[in-house]
Amino acid sequence: MEVMETSTNSPCLAALTCVLGDLSQADGSASFTHGNTSVLAATYGPCEVRMSKEILDQATVEVVCKPRVGLPNCADKYRERHIRDLFQATILVNLHPRSSVMIVLQERQDDGGLLATSINAACLALLDAGVSMKFLVAAVTALIDKDGNINLVPEEKPSDVEASASLTIVFNEKDLQVMGVTSSGKFSQEQYDRSVSLCRKATEHVFKFYRESMERKLSKSV
Amino acid sequence: MADEVRTAQPKEFYRKYLEQGVRPDNRELGEFRPTVLDIGSKNGSCISTAEGSALIRLGNTIVICGIKGELAEPKTETPTEGYLVPNVELSAVCSPQFRPGPPSEQAQVLSQFVANVLKNSQCVELEDLCIAPGKMVWVLYADLICLDYDGNVADACVLALTAALSNTSLPVVRVDEETGKTETDFKEEKKIQLTCTPISATSAIFEDNVLLVDPTRQEEELSTGLVTVVTDGKNICSLEKPGGSPLKDQQMRLCIERAFQRHTEACNLITQSQGSTLSTLTSPLVDR
Amino acid sequence: MRDVPISNCEREFLLAIIAEKKRVDGRQPTDLRQVKIQFGSNFGSCEVSFGKTRVLATVSSEVAAPKQRRPNEGILFVNVELSPMGHPSFEQGRQTEESVELNRLMERCLKESRCVDLESLCIVVGEKVWTVRVDVTVVNQDGNMLDCASIAAIAALAHFKRPDVTVKGQEITIHTSDERDPIPLSIHHMPLCVTFAFFHQGKFLLIDPQEREERVTEGKMVIGMNKHREICMLQVTGQMLLHQDKVKQCTKMAFVKVVEMTELIQEALANDKTARSKGEKCGFAMSSEKEINTTVSPAKLVEDVSKTDLPMSSDSDSGSEQEMVEAGPQERPVGDSPKVVGKGVAIIGSAAVKKWEEEEERVKGDKKGKKKKEASVKEASVKGQQSRPQASAYF
C-alpha cells in the first residue's frame, strides 16, 4: 500500500484477489476481484451440446454474461461475443468435438474494467476446471486521460477525473501477443502503442498471479 | 474446375491465390471491394419519407440506412440531450443463415457496435438535437437493414450511417413558451452538423499471418479472427478485435494504417455523391 | 445439460438415515448449515450462503411513473433468477416450474407482507415514484434456495440507499452521493422464510434440507415469518398430509430460527456500518480475503515503459520484425477518386466504372470472367509490390 501512495503518477495495477473452486456444482469456478471490480465465473464441460450449436470437429464455447441488475442487454451480448471468440481461439477445441464448454460470468460489482476482469475470471475458472488450453490469456484495461496520460484502472473509482478513452487489451502468455482489443473514446495511434506496451507489462503480473493462485489451490487440496 | 476446388477445398483454394498476393475476386490484400454509395437525388434522400438515408453497396453486400426523426421528452438526468438510436437488422432476405423473428445475436452485436461507434466518435452532438431543454428533444432512429449479406456488414453499416447522417435535415420546430404548443416549419430545414466522419475498416486474419481487408462472406468464414478499426481521420474512434488469432504489433499497425487510408477514400466518396445531388437540391419543394 | 436423477440405492440410504435422525453432513434434523452474509461495497448488494448454497441479491432504484391504482406509492419489483452458473440443469432464459414457484414465493414474502414502506418512495403523486428492483441470482444450488434467497433479499433491501431528491415546483433534482447522503429505505419488519422437508408420511422433518435431501423429500412446508411472530406466508407442497400439531410445532421452530437469523442480519449490517464509518475497506474482495483458500496480490507498480522508450523496440516484437515486409509508406496515399455515375450515386474502387446493372452481367458472364481473372493474377501481384507496397503485406 505504501508503494501506491508514494507514486500516484506512475501506473499501478490494482490489487488482485481470487478464490478458486468456490462453487460446488460447477466443474470449475473462480471469484476474481481486480481493484473494486468483482466477477464470479463458473465453467461446465466439456459436456453434451445442443444439436443446433453442435460443431462436427470441435467443441462449442458458450458464454453467458449476467449483469448485476436486470436482464441481459445488448452490451452484455457484445461482451459475450467478445469473450466467446476469445476462448474459442484459446481452448483446444479440437480435443472435444461435438461437445460444449460453457462459461457463465456473473458481475458482482463494476468500478471500471469489467470486460478485463471478466476475461481473467473466465480464464481462472477454466484453469480450475482443467480445460486444456493453447495458452493462458489475461486482459488489462488502460485509461487515457484528457492530457494523454496513460494509466491503469485505479483501486478506487475516480469520481471527478474522467478518462477520455479506455482500451482493454488481451494478451496470451506464450509470446505476449495481442489476442483481443476493445476500446471506447478517441485516441491516437501513438497513445495506442503506448497503452499496448504498458498493458503488456501489467499482464505479466496477472500471469504470475494465475500461477500463485493455482499453486495455492493445489497445495491445499493435496 | 476452380469452382469445384473452391467448394471442396476452400482453404487450399485461398492459399494458392494468397501466395501470389491476390484474392480470388482479383483484389489485392489491402483493397476494398467496389463501393457504391447512393444518397439519392430526390430531396437528397433515397428513401423519400425519411429525414436522411443512404444505400451502400460493398461488392455484393448491400445495406440501406434510414434516419427517422421523432419528438420526445428528454431524460431527467440529461435535460439538454437528444437521443440517437441505431438498430441493425439482419433480415431473413439477406442470407439463408438468418431467420425471421427476433433479432439474432449477430444483429444485436452489430447494433451495439454501431452504437459504440456513435458514442465514441461523438460525431453527432446530442445537444444539437435539443429543441426546448427539459421539455422536448429529437429522437433520431437510425435503422440499418442488410439486404444482401456477403461479408463485412460492419463496415457497410458504419459507412451507410455516416453518409445518411451527413445528409439528414430536420424541420425546424418551435415551442411556444406560454402555451407549450409546438409548431413545425417544414419549409425551413436544418442540416445536422457532423463533428467528424467515422469510417471503419475491417480486416480478416487468414491462417494467422495474412490480413485481408474487407472480407467477403467466405473469407470471413475461413478467417481465424477479425480486426475492425474505426477512424475519424485524425484519431482512432474504435478498435475491436474480438479474440481470434494473436496479432503482432506490426500487423495491428498495418490495420490502423489501412483504416486511415480508407477514411480518405470514403470521405471523398461521401462528398462526391453529395455534390452530385446539389443541383437537384436547389428546388426541393417543386420536386415534392 | 440434463439433470442426473438420484440413484435408488442413494435414495434408500438417505431415507434410512433420516429415520434414524441422522443427516449426511452430520447435522441434527433441526440444525441450519453455516450461514454467511457478505455485503458489497455498493449499497444494496449482498451475498448469502447456506453451506454451499449461494445467492446474490442486488437492489437498484430508478424514477418511474406509479401504477394508476396506487398513485402515491412506490413500486417494489422482485425477480429471482436461476443462473446457469448455479446448477448444470439450469438454462439461460428459460422459465421452469421451479423458478416460477421461487419467484412467486419471494414476491409473497416481500411484497405482500408490505415490509418496505412504499409510500415513502413517492416523489410527485401520480407522476413520479421510485421503483425499487431486487434482483436475486442463485449462484450455487445446494438445496434450500428459498431461505437463502429471502435472507439475501431482505438484507440487501436493508443495506440499500437511494439517492436523495428535491422537488421544486415542477422540477425534480436527483442528487449524487457526493452532494447529499443517500437515504436508506424504511423497512417495517423483516420477513424470512424457513423451509421444512418431510419424510416417511410426515413422521420425520428436516430444517434447511440440502440438495440430496430435497430430492428424496415427500413434501415441503415453507413458513414466512418475522421476529414479531407474525406469519406472512405459509405454503405446503408435495404428496403428504400434515397433522395440525405438526404445523404448530413447525411455526414454533420457525420462530426460533427467524429470531436467530434476524439477529445475524442486524449484526452483519452493523459490522458493515462500522467498517464504513471507520473508512475501512469493504466489499466482496475484503470479505473473501479472510478465507483460507484466497490468493491475494497487492497493488503492483507497473514500470512505465511508455515514458522511456517507444514500443517499436519492445522485446517481444524485435524477433518478429525481421520476417516482416515493410509496413507501407508513412504518408497516407489518397485513394482512388470516386466516380459519380448518376444523381446522388458515387462509386469507389477498381470497378468504379461499372454501373449497378453491369454487376448482374458480370455474374452471368462469370465463367468467362474467371479465366480472365486467373490470367491477371500474376500481373496484379507485381503491381501490388510496386505501386502499393502497403497492399502486399504478406507476413
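Modeller: Four bridges join β9(B) to β10(B), and the two strands run antiparallel; the model is a predicted one.

Colleague: What makes β9(B) and β10(B) count as paired strands?

Modeller: Two strands pair if DSSP finds at least two bridges between them, and β9(B) and β10(B) are joined by four, so the requirement is met. In one of these bridges, B:Phe206 has B:Val210 in β10(B) as its partner.

Colleague: Which other strand is joined to β9(B), and by how many bridges?

Modeller: β9(B) is also joined to β11(B), residues 226–231, by six bridges, again with the strands antiparallel, and at least two bridges are what pairing asks for, so β9(B) and β11(B) count as a pair too. Here B:Ser203 has B:Val227 as its bridge partner in β11(B). From β11(B), four further bridges lead to β12(B), also antiparallel, and one of the partnerships between these strands is that of B:Val230 with B:Ser238.

Colleague: What is the order of the strands in the open sheet of chain B, and what makes β10 and β12 of chain B edge strands?

Modeller: The four strands stand in the order β10-β9-β11-β12, with antiparallel pairing. β10 and β12 (236–240) of chain B each pair on one side only, and that makes them the edge strands. Between neighbouring strands of this sheet the average turn is 20 degrees, direction ignored.

Colleague: Why is β9(B) described as mostly covered?

Modeller: A residue is buried if 20 or more other C-beta atoms lie within 10 Å of its own, and eight of the eight residues of β9(B) are buried, so the strand is mostly covered. Both of its faces are covered, with B:Ile199, B:Ala201, B:Ser203 and B:Ile205 buried on one side and B:Ser200, B:Thr202, B:Ala204 and B:Phe206 buried on the other.

Colleague: Which strands does helix α4 (residues 153–165) of chain B lie across, and which strands does helix α3 (residues 105–121) of chain B lie across?

Modeller: Helix α4 of chain B lies across β9 and β11 of that chain and runs at about 175 degrees to β9(B). Helix α3 of chain B lies across β9, β11 and β12, running at about 150 degrees to β12(B).

Colleague: Where is B:Glu207 placed, and why does it count as partly exposed?

Modeller: B:Glu207 sits in the loop between β9 (199–206) and β10 (210–213) of chain B, a hairpin with three residues between the strands. B:Glu207 has 14 C-beta neighbours inside 10 Å, whereas a residue needs 20 or more to be buried and 12 or fewer to be exposed, so B:Glu207 falls in between and counts as partly exposed.

Colleague: What is unusual about the phi of B:Glu207?

Modeller: Most residues other than glycine have a negative phi. B:Glu207 is not a glycine, yet its phi is positive, at about 50 degrees.

Colleague: C:Asn144 also has a positive phi although it is not a glycine; is C:Asn144 buried or exposed?

Modeller: C:Asn144, with a phi of about 60 degrees, lies in the loop between β6 (128–140) and α3 of chain C. It has 26 other C-beta atoms within 10 Å, and the cut-off for a buried residue is 20 or more, so C:Asn144 is buried.

Colleague: Why are α2(C) and α3(C) called oblique to each other?

Modeller: The axes of α2(C), residues 97–110, and α3(C), residues 145–159, come within 11 Å and cross at roughly 40 degrees. Angles under 35 degrees count as roughly parallel and 65 to 115 as roughly perpendicular; roughly 40 degrees belongs to neither range, and the two helices are therefore oblique. Their crossing is right-handed.

Colleague: Which residues of α2(C) meet α3(C)?

Modeller: From α2(C) they are C:Leu102, C:Leu105, C:Met106, C:Cys109 and C:Leu110, which meet C:Met145, C:Leu146, C:Ala149, C:Ser150 and C:Ala153 in α3(C). By class, this contact has nine nonpolar residues, one polar residue and no charged ones.

Colleague: Turning to chain A, what makes the peptide bond from A:Gly45 to A:Pro46 noteworthy?

Modeller: Most peptide bonds are trans. The bond from A:Gly45 to A:Pro46 is cis, with omega near 5 degrees, and A:Pro46 is placed in strand β4 (residues 37–47) of chain A.

Note on methods. Residues are numbered from 1 along each chain as its sequence is written. Chains are lettered from A and ligands numbered from 1 in the order in which they are written. This is a predicted model: local features need pLDDT of at least 70, side-chain atom pairs count only at pLDDT 80 or more; totals for chains, interfaces and linings use all residues. Axes are lines fitted to C-alpha atoms, for helices over the stretch in contact, and angles run from 0 to 180 degrees between N-to-C directions. Angles under 35 degrees count as roughly parallel, over 145 as roughly antiparallel, 65 to 115 as roughly perpendicular and the rest as oblique. A crossing is left-handed if the near helix is turned anticlockwise from the far one by less than a right angle, and right-handed if clockwise. Two residues are in contact if their C-beta atoms, placed from the backbone, lie within 7 Å. Ala, Val, Leu, Ile, Met, Phe, Trp, Tyr, Cys and Pro count as nonpolar, Asp, Glu, Lys and Arg as charged, and the others, Gly among them, as polar.
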